Amino acid sequence: MKVERELLSGEARELLELTVDIADKELAPRAAEFEEEGRFPREVFGVLGEAGLLTLPFGEDVGGGGQPYAVYLQVLEELAARWAAVAVGVSVHTLSCHPVFLFGSAAQREALLPWQLSGAVLGAYCLSEEHAGSDPSAIRAGATRDGEVWAARGTKAWVTHGGEADFYTAFLRTSPDPRNGISCFHVDARSPGLSAGAPERKMGLRSSTTALMHFDDVRIHGDRLIGEPGQGLRIALSALDTGRLGIAAVAVGIAQAALNHAVEYARERRTFGRRIIEHQGVGFLLADMAARTEAARATYLVAARRKDAGQEFSRQASMAKLIATDTAMAVTTDAVQVLGGAGYVREHPVERYMREAKITQIFEGTNQIQHMVISRHLADS
């Protein structure tokens with residue numbers, strides 16, 4: 001099923017056509033094999049980088065693609081419909097560049113952004129810790145100043161691209177203050193003392209490496225402190241609003257892929273002399289899946305348009321993340337049900353889509369956290 005896109009320019013339509021072409025040729029044929037083997041597809045990110053798809057939402061003046069978020073997110077969705085792990089990687093890279101782009105000094109933007117946005121490198125985002133996931137103010141990994149250098153010690157958890165990235169955007173405690181004691185740093189992957197743990201063995205997104213990152217007296221020069229000391233929590237939460245939109249788009253891509261496969265199967269499979277799509281029990285289920293997927297897409301686009309217009313979008317980002325990821329879980333579960341026993345085996349991709357959908361309800365803030373964010377906005381409005 002082809003998605004009817006709402007694109008306001010010929011350039012955006014050409015970009016989506018390019019994305020679909022690359023996704024069909026470079027992502028879709030590799031996804032099942034790489035997921036089965038848990039193999040990180042660095043060469044695929046190289047292809048996306050060469051095509052300019054790793055830098056879309058950043059301004060052309062700093063080397064980005066200059067695309068509005070409403071277009072960038074639809075690109076992510078198309079990528080996710082072929083290979084969710086790669087789309088998550090693009091979203092994480094964007095998240096990792098966000099602090100320098102918005103909070104970096106003029107000198108940092110000039111020195112770091114052209115490299116971060118070259119399309120040849122990949123970033124990672126080091127915020128969570130094993131005891132500090134939903135509550136980033138509880139992080140303990142810290143950095144102490146030693147003249148012009150900061151010395152970082154501790155361990156960050158659940159780092160996407162851990163051990164694979166070229167740079168890490170790391171949030172480290174620089175004072176005991178629970179709200180204003182965290183700072184943001186740009187850390188080169190080659191820094192002595194920085195090392196990755198063994199990749200996590202995950203339910204889904206197996207080709208997306210997730211690992212602990214150990215900071216063992218890592219020396220970070222003072223000019224790699226992003227923003228002011230103590231500003232890190234504000235930077236992190238700002239970046240997470242945009243990251244939640246990325247995950248919402250990824251979730252819709254997974255849901256759309258599951259819907260497409262289920263519809264195709266239901267058109268071909270016959271029982272009692274009819275295609276199963278003609279049985280109300282299946283046809284109505286597919287109708288609900290289609291409606292939920294369309295609604296989730298509309299929700300993330302509303303939030304994206306607010307961001308593009310310079311309006312407040314934090315509440316809408318949380319709503320989009322909540323609705324899209326719950327939709328992905330429901331639609332992929334229903335897709336398995338439509339296929340019946342065939343949906344439970346790996347010859348069909350819907351069991352993989354179901355496993356991939358689950359994590360979207362957890363990272364970039366669990367959906368319980370999204371409920372908290374939304375309810376707080378309601379209490380303050």
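**Pockets and the β4 strand environment**

Helix α6 is the greatest contributor to the lining of the second largest pocket, supplying eight residues. The structure examined here is a predicted model. The volume of this second largest pocket amounts to about 630 Å³. Its lining comprises 26 residues, of which Met1, Glu78, Ala81, Arg82 and Asn260 lie closest to the pocket centre. Besides α6, the elements that each give two or more residues to this lining are α1 (10-37), α3 (69-82) and α9. Classified by residue type, the lining of the second largest pocket contains 12 nonpolar, four polar and 10 charged residues.

The largest pocket encloses about 1,400 Å³ of space. A total of 47 residues line this pocket, and those closest to its centre are Ser128, Gly133, Phe363, Glu364 and Gly365. Two or more lining residues come from each of α4 (84-103), β3 (149-160), α6 (232-268), α9 (350-360) and α10 (367-380). Among the elements, α6 gives the most to the lining of the largest pocket, again with eight residues. Helix α6 is thus the leading contributor to the lining of the largest pocket and to that of the second largest pocket. Helix α9 likewise appears among the elements giving two or more residues to the largest pocket and among those doing so for the second largest pocket. The class composition of the largest pocket lining is 22 nonpolar, 12 polar and 13 charged residues.

Attention now turns to strand β4. This strand spans residues 167-173 and is mostly covered, with seven of its seven residues buried. The side chains of Phe167, Thr169, Phe171 and Arg173 point one way from β4, whereas Tyr168, Ala170 and Leu172 point the other way. Residues on both sides of β4 are buried, Arg173 included.

Strand β4 is paired with β1 and with β5. Strand β1 (residues 123-126) runs parallel to β4 and is joined to β4 by four bridges. In this pairing, tyrosine 125 stands opposite threonine 169 of β4. The pairing of β4 with β5 (residues 182-188) is antiparallel and extends over seven bridges. Here threonine 169 stands opposite histidine 186 in β5. Threonine 169 therefore links the two descriptions: the residue lies opposite tyrosine 125 and opposite histidine 186, and is itself buried within β4.

Definitions and conventions
Residues are numbered from 1 along each chain as its sequence is written. This is a predicted model: local features need pLDDT of at least 70, side-chain atom pairs count only at pLDDT 80 or more; totals for chains, interfaces and linings use all residues. Side-chain values use heavy atoms; hydrogens and water are left out. On a 1 Å grid over the protein atoms alone, a cavity is a set of points where a 1.4 Å probe fits but cannot get out, and a pocket is an open set with protein on both sides within 12 Å along at least five of seven lines; lining residues have an atom within 4 Å of a point. Grid points are joined across faces, edges and corners, and a volume is the space filled by probe spheres set on the points. Ala, Val, Leu, Ile, Met, Phe, Trp, Tyr, Cys and Pro count as nonpolar, Asp, Glu, Lys and Arg as charged, and the others, Gly among them, as polar. Buried means under 20% relative accessible area, exposed over 50%, partly exposed in between (1.4 Å probe, protein chains only). Two strands pair if DSSP finds at least two bridges between them.
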